[in-house]
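Work through the exercises below with the model open. Each task is followed by a stepwise solution.

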Amino acid sequence: MIDRKKFFDGVRQQPFYGKLTKGQVQGMSAILDEWERRKLTDLRWLAYMLGTVKWETDHTMQPIQEGGGIKYLKSKKYYPWYGRGYVQLTWEKNYQRFQIRVLKLFDKDIIADPDLAMEPDVAAFIMFEGMIRGEFTGKKLSDYFNDTKTDWLNARRIINGTDRMAEIAAISKQFYADLML
């Protein structure tokens, strides 16, 4: 169980530079809830997920939709399956991949209504499933964080190749320090 008071006191300083919004607290709470529901134990996994979410959501810690406006999104060949959530679930086949599990746990149909992937509990579930099982890129958390390895830098490959890997690694390490309080 995460001591949330200590955690939020810590993250308020780093990586959030002294201030947390209500939305950031709510977003991180949804992620912590999913972590505790799963009874996971490797805090490096949680730290890396939080670091990824901070980056992928433009530091809001809230599920977001892919940018560019509706006209831009409608021009995408994967519309209406554009990026949504904490880690930007994109393409119909990926929505379908998570559909049965989301329906079973939340009774929410992300195929009929893809915007449901923006709900914090659903977005957290999809992120956890994808990052733990390697369903986004074939790479998973245990490839980079296990008994013999801690690779904050290359863990970016779980979500999106190597873009911004150094920044996300640094943010994730800050989260890890806060989780260890």
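**Exercise 1.** Which residues form one aromatic cluster?

Solution. The model is predicted: local features need pLDDT of at least 70, side-chain atom pairs count only at pLDDT 80 or more, and totals for chains, interfaces and linings use all residues. Residues are numbered from 1 along each chain as its sequence is written, and side-chain values use heavy atoms, with hydrogens and water left out. Rings of Phe, Tyr and Trp (its six-membered ring) pair if their centres lie within 6.5 Å; planes under 30 degrees apart are stacked, over 60 edge-to-face, the rest tilted. The cluster consists of Phe 7, Phe 8, Phe 16 and Phe 175.

**Exercise 2.** Classify the pair of Phe 16 and Phe 175 and place it in the chain.

Solution. Step 1: the rule gives twelve aromatic pairs. Step 2: Phe 16 and Phe 175 are 6.1 Å apart centre to centre, with 75° between the planes, hence edge-to-face. Step 3: Phe 16 sits in the loop between α1 and α2, Phe 175 in helix α8, 159 residues apart. Helices are DSSP runs (H or I, at least four residues), as are strands (E, at least two), numbered from the N terminus. Step 4: both Phe 16 and Phe 175 are buried (under 20% relative accessible area, 1.4 Å probe, protein chains only).

**Exercise 3.** Is Ser 172 buried or exposed, and what does it contact beyond its neighbours within four places in sequence?

Solution. Step 1: Ser 172 belongs to helix α8. Step 2: its relative accessibility is 0%, so Ser 172 is buried; exposed would require over 50%. Step 3: contact means heavy atoms within 4.5 Å. Ser 172 touches Ala 47, Tyr 48, Gly 51, Thr 52 and Trp 152.
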